[in-house]
Amino acid sequence: MSAAKKLRLAVAQLGPVQRADTRAQVVRRLVDLLHEAHGRGARWVTFPELALTTFFPRWSLEDPAEVRSFFETEMPGPATRPLFDAARAKGIGFYLGYAELDGETQYNTSILVGPDGRIIGKYRKIHIPGDASSREGAALQHLEKKYFAVGDLGFPVWDTPDAAIGMCICNDRRWPETFRVMGLQGVDVVMVGYNTPSGYVQWNEPIHLRMHHHLLSLQSAAYQNACWIAAAAKAGVEEGSPMIGGSCIVAPAGEIMVRAFSEDDEVINYMCDLSVSGHYRANIFNFAAHRRPEHYRPIVERTGAGAPLGAAPP
């Protein structure tokens, strides 16, 4: 773990971004949020998934030019450079989610930008939810599989002067493997951006469980991997589709230390004691002492549930 003990983190929740909003308009909002985070003493700020545009996977778009209009071919580009300049001027690092076009391959991507305005690392979303084509009769479509390839960069952790920082995106937070891979690299802070529609359900699941499962995933992951989690939502009613808020900062104890009040643009922050992780890692989650990977083979050998393995006879 980094030598630093205290680190003030901020989360910048975004209210809705409508289809008519330009990159320049959104970036101005991000810069304002970054300035507010800096004014509160934050060293790092987490922005949401696909922060620069509306959540376009809600539509089945067929015009290639229209689809490509939601993607970035360079980072920073002319529209996003003001955010990088502001970070460098204020000495504050950030996580930013966006749609990335790499050659002909499309990814749901996040980058980690240091307080000097330089890109430190990149992550590409691995657990792609939803469908590759529209569902007949569905009230709400979720077509990430139509637009994004599975990420190819794994779950790296970057050792910055402030903390060991990892990244994931939205649906990744629901999968324990996401955080365990980073936990095995000694991650201090995991930043996650998300766009979670409140009405996207596969059966008649009660709507209130969307927020419950969101927070449950973050709290259990923070506790079981002894790390801090900074989670930033894009929230509010976007193009007629309500999305949950619930941006928060979670401690290694699994407690939510601060949570957004609104479903609009909002900054939350907390002074995180990174040394707390060490207490858990020296005791209940002492991986070296207690993990038994020889018994975990089905986790990496199976993608879906299979037949019971059975137990060896006594």
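Let's start with a pair of helices: helix 1 passes helix 3 in a right-handed crossing. Keep in mind that this is a predicted model. The axes of helix 1 (residues 23-39) and helix 3 (residues 81-90) come within 9 Å and cross at roughly 15°. Angles under 35 degrees count as roughly parallel, and helix 1 and helix 3 are therefore roughly parallel to each other. On the helix 1 side, the contact uses Val27, Leu30, Val31, Leu34, His35 and His38. Facing them from helix 3 are Pro82, Leu83, Ala86, Ala87 and Lys90. Sort the residues of this contact by character and you get eight nonpolar, two polar and one charged.

What do these helices sit on? Helix 1 lies across strand 1, strand 2, strand 3 and strand 14, and runs at about 35° to strand 14. Helix 3 packs on the sheet too, touching strand 3, strand 4 (105-113) and strand 5, with its direction at about 155° to that of strand 3.

The sheet in question is open, with six strands in the order 5-4-3-2-1-14 and mixed pairing. Strand 5 (119-124) and strand 14 (266-273) stand at its edges with a single partner strand each, so one side of each is left without a neighbour in the sheet. On average, neighbouring strands here are turned by 30° against each other, direction ignored.

Both kinds of pairing can be picked out. Strand 1 (residues 6-13) and strand 2 (residues 44-46) pair in the parallel sense over three bridges, and Val11 stands opposite Thr46 in strand 2. Strand 4 and strand 5, on the other hand, pair in the antiparallel sense over five bridges, with Ile119 in strand 5 as the bridge partner of Val113. These two strands make a hairpin with five residues between them, where Gly117 takes a positive phi near 80°.

While we're on backbone angles, two loops deserve a look. Most residues other than glycine have a negative phi, and most peptide bonds are trans. Leu50 has a positive phi of about 45° although it is not a glycine; you'll find Leu50 in the loop between strand 2 and helix 2. Further along, Met75 and Pro76 are joined by a cis peptide bond, with omega about 0°. Pro76 belongs to the loop between helix 2 (64-68) and helix 3.

Helix 3 also takes part in an aromatic contact. The structure holds eleven aromatic pairs, and one of them is Phe84 with Phe94: edge-to-face, 5.3 Å centre to centre, with 80° between the planes. Phe84 lies in helix 3 and Phe94 in strand 3 (residues 93-102), so the pair ties together parts that are ten residues apart in sequence.

Now for the other sheet. This one is open as well, with six strands in the order 6-7-8-9-12-13 and mixed pairing. Which strands stand at the edges? They are strand 6 (157-159) and strand 13 (256-259), and each has a single partner strand, so one side of each lacks a neighbour in the sheet. From one strand to the next, the twist averages 20°.

At the strand 13 end, three bridges join strand 12 (residues 248-250) to strand 13, and the two run antiparallel. Cys248 has Arg259 in strand 13 as its bridge partner.

Two helices pack on this sheet. Helix 5 (residues 176-183) touches strand 6, strand 7 (164-169), strand 8 (189-194) and strand 9 (228-233), and its direction makes about 165° with that of strand 7. Helix 6 (residues 209-224) touches strand 8, strand 9, strand 12 and strand 13, with its direction at about 35° to that of strand 12. Strand 8 and strand 9 therefore appear in both lists of contacts, as a look at helix 5 and helix 6 shows.

Key
Residues are numbered from 1 along each chain as its sequence is written. This is a predicted model: local features need pLDDT of at least 70, side-chain atom pairs count only at pLDDT 80 or more; totals for chains, interfaces and linings use all residues. Side-chain values use heavy atoms; hydrogens and water are left out. Two strands pair if DSSP finds at least two bridges between them. Helices (H or I, at least four residues) and strands (E, at least two) are DSSP runs, numbered from the N terminus. Axes are lines fitted to C-alpha atoms, for helices over the stretch in contact, and angles run from 0 to 180 degrees between N-to-C directions. Contact means heavy atoms within 4.5 Å. Angles under 35 degrees count as roughly parallel, over 145 as roughly antiparallel, 65 to 115 as roughly perpendicular and the rest as oblique. A crossing is left-handed if the near helix is turned anticlockwise from the far one by less than a right angle, and right-handed if clockwise. Ala, Val, Leu, Ile, Met, Phe, Trp, Tyr, Cys and Pro count as nonpolar, Asp, Glu, Lys and Arg as charged, and the others, Gly among them, as polar. Rings of Phe, Tyr and Trp (its six-membered ring) pair if their centres lie within 6.5 Å; planes under 30 degrees apart count as stacked, over 60 as edge-to-face and the rest as tilted.
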